[in-house]
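Thanks for sharing this one with me. Here are my notes, point by point, for you to go through with the model open.

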Amino acid sequence: MQKINDIAASIRRGERLTAADAITLWREAPLWLLGELATERKIEASGRNVYYNRNVHLEPSNICLFNCEFCSFRRKEGDPDAWAMSIDEVEARAKELRSADITEVHIVGGVHPKHDLDTYVEMVRRVKSQLPHVAVKAYTAVEIFYMIKREGVSVVEGLRRLMDAGMECIPGGGAEIFDEALRKKICPDKCSSEEWLAVHRAAHNMGLSTNCTMLYGHIETLEQRVDHLERLRKLQDEAPGFDAFIPLKYHSRNNRLSEAGECSVEEDLRTIAISRIFLDNIPHIKAYWVSYGRNTTEMALSFGADDIDGTIGDTTKIYSMAGGTERPSMSVEELEAMVRAVGMEPVERDSHYNLVARKSDKASDVCAVAPSPEPEVIENKEPESVEDSVTTTNEQDKDMSVKQDVIEPKVKQPAKGEEPKPKTTKKPAKRSDGNGGESKWAKAWDGLKRTYQRFPILSHMLFILLFCLFLLLCLYLGLKWGTRHNNTIVVPDFVGMSIEDARGVAKDKELNIVVRDSIFDVDLPGGTIVDQLPGTSEVRDVTVKPGRKIYVTINAYNRRKVLVPYVAKQTLRQALNQIERSGFTIEELVYQPNMTSTDYVERQTVGGREIGPSTNREMPVGTGITLYVNYQRENSNTVAPRVVGMSLAKAKSSLWDHGFNVGEIIYDESVSDIIECRTARVYMQSAKIGSSYRRGTKVDIYLSTDDALVDSLRLIADKEADRAEAARRKAQREAEEKMRAEEAEANN
Ligand code: V47
């Protein structure tokens, strides 16, 4: 367990999970710990939000050139249940969807031998022509690679044509498992891992966002899963563009891998949690409810998932054909209820994770996408290397046309609303004694009847006795339930405790701690609880039933890294504003004499290293910056401001602004825990208000949460400040009068 604890601590310090540690966690970590770690990461990434969208799938054909071992969807041309929609039918389907309240159409299907790039492009164009306000998420990298290779154009050119037709993003399918040896076994015809990654890389470089998936729970090893995640993480580091990762649980019905069976729900939760922790650069982890079903999806939300996909409206067959959810469809209310059931906040998103703002919930209402706070600028680079690596040769095209010729062009269109035929299942045979006679239960029942007829009084008494025993049992159970019902627990004050300690206390009291949010405060250690729900009260005990969840907000472990701002060559005030706005702080103000200016920042360092205008240095927020500030010799002194009554942050800001450094920070005994530090105010300062000190002097500040003390000392400090101000004005007046007198004397 020590090893697991070390890995957990390293994750909580914000260190990247290595492949080796991911395997150890996967194999050995207790499930609850994975849930905790993944939830902490999820909260950091998306708070309590869980995303869903209003979407449909459009599966133009299940005819596929490829024949993957795990696929239950694929049919070959001529099969009785094969279907292929013509382009007009695709458009007609899109037209039907005009009245549907959706924001996304997800087009995916088999790699049809007769569909070329133009067909795919035209499908997107027709869908978009009917649904201009709806995002088209279309074609897996496998389909895209095939159509592009067949056309003999570069990936960039192919993607450009699809984008021009209206394709907005690419779904994550077709990734399966990247390990080359296993890929050869389970999907030998599909494009290689490198080719799948190359399509997504090119898409990212062209500004297209995409998703990624991993098909798990069949015959792959843990090492192969981690290798898969590692290749995705690497690509995202190099060419960011993945919006979401979707772990896809293998479903075993009606395909050739069935013998592998299906993995357990625990394995699903472990996979989701490790994905969240490992893929620290992919913002969303989707628990695809169509694949997992409602219960596992709900649980997945406590294991790092922050997306559940959408309403679907019974438009996909890939999973139902493999044994997943039959007729998948969920209303917005159902999706939202599922999220709320685990204490999270359902958020409707569009295909780019912008929030969808709706005037009301009525389906007929027009919806609008809430503007993102800061639209991201994405460079439209055309990657030469990708183009080169995936442009096809005529030889390869010839191969494909040969394959095409051998397939009979017989396509059967399913009747509207037609479902795959239900499978005939054998009913279990009637239980018998094995000799064709009556069952032993029937014999026992006859025996009982005969006994009753022979001894009716005795039988009645026996019946009454049994009935009384039953009543006693009910009474006992009722009382037990009743006492537990009244059994209440006083909610402890968890605020200020570390999450680990709080969990210990909660366990003893039969309560459950659930992290529901996180903040970041530089002055608090990571994992400190800063808020809880239900809270506690000073006037009365707050009580709850055993087993109740206490939702807490913690201080984040990870200090977000941001670019250190370049603040030199401007006034101290401007520099301070910029530093505070970007979340950094002042390490020290170093004053240096100068002939020309006072309070002008000459240069800056962080951790002893110079920061210049083009230094691209990222540091955790809250890091201290040292400023080298000029002063003219005649301005070597500065006047102490009043900071009594201020919070620590305000006091620091005021001292720096007046040319002082912050010295010791001392809390009185009213501040009993780290959380109270946040509400304490200054009641004393070491520099006398209004007195003159050398620039850069350190001022000690004393803080308390005793409001009466702080307020009374603040009144005194205000008077002191007024006196100092009056004295300053008087001295200024006298100096001006003296100057005027000297001038007058000189003129005379
Ligand atoms: O690539 C096929 C998988 C994928 C089976 O991007 C199977 O938002 C389990 O990629 N058992 C297609 N899985 C679906 C897909 C997807 C789904 C939802 C959302 C998004 C998104 C993408 O389904 C295939 C394959 O990996 N699959 N057969 C099966 N028997």
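1. Let me start with the ligand. In this predicted model, a shell of 23 residues surrounds the ligand, and the closest are Lys 137, Gly 172, Gly 174, Glu 176 and Lys 286. Two strands are worth colouring when you look at that shell: S5 (209-216) and S6 (242-249) each supply at least two of its residues.

2. Next, the polar contacts, which you may want to check against your own interaction list. Glu 176 places a polar side-chain atom 2.5 Å from an oxygen atom of the ligand. Gly 172 takes part through its backbone, with a polar atom there 2.8 Å from a ligand oxygen. For Phe 70, the partner is a nitrogen atom of the ligand, and a backbone N or O atom of this residue lies 2.8 Å from that nitrogen. How much of the ligand does the protein bury? Taken alone, the ligand exposes 610 Å², and 96% of that area is buried by the protein. The space that the ligand takes is also the largest cavity.

3. Now a word on confidence. The average pLDDT of the protein is 86, and 87% of the residues score at least 70. Residues 361-438 are the stretch to watch, with pLDDT below 50. In the model this stretch still has 103 contacts beyond near neighbours in sequence. Predicted coordinates should not be read in detail where pLDDT is low, so please treat such contacts with care.

4. Away from the ligand topic, have a look at Arg 503, which belongs to helix H18 (residues 499-508). Which residues does Arg 503 contact, leaving aside neighbours within four places in sequence? They are Glu 36, Ile 513 and Val 515. Ile 513 is 10 residues from Arg 503 along the chain, and their C-alpha atoms are 6.2 Å apart.

5. Finally, two backbone details to keep an eye on if you prepare this model for further work. The peptide bond joining Leu 533 and Pro 534 is cis, with omega about -5°. Pro 534 sits in the loop between strands S14 (529-533) and S15 (543-544). Tyr 353 is not a glycine, yet its phi is positive, at about 65°. This tyrosine, Tyr 353, is in the loop that runs between strand S9 (345-348) and strand S10 (356-358).

Technical notes: Residues are numbered from 1 along each chain as its sequence is written. This is a predicted model: local features need pLDDT of at least 70, side-chain atom pairs count only at pLDDT 80 or more; totals for chains, interfaces and linings use all residues. Side-chain values use heavy atoms; hydrogens and water are left out. pLDDT is the predictor's confidence in each residue, from 0 to 100. Contact means heavy atoms within 4.5 Å. A residue is near a molecule or strand if one of its heavy atoms lies within 4 Å of it. A polar contact is a pair of N or O atoms within 3.5 Å; within protein, one must be able to donate a hydrogen and the other to accept it, and residues adjacent in sequence count only if both atoms are side-chain atoms. Accessible areas come from the Shrake-Rupley method with a 1.4 Å probe; for residues, only the protein chains shown count as cover. On a 1 Å grid over the protein atoms alone, a cavity is a set of points where a 1.4 Å probe fits but cannot get out, and a pocket is an open set with protein on both sides within 12 Å along at least five of seven lines; lining residues have an atom within 4 Å of a point. A molecule sits in a cavity or pocket if more than half of its atoms lie within 2 Å of its grid points. Helices (H or I, at least four residues) and strands (E, at least two) are DSSP runs, numbered from the N terminus.
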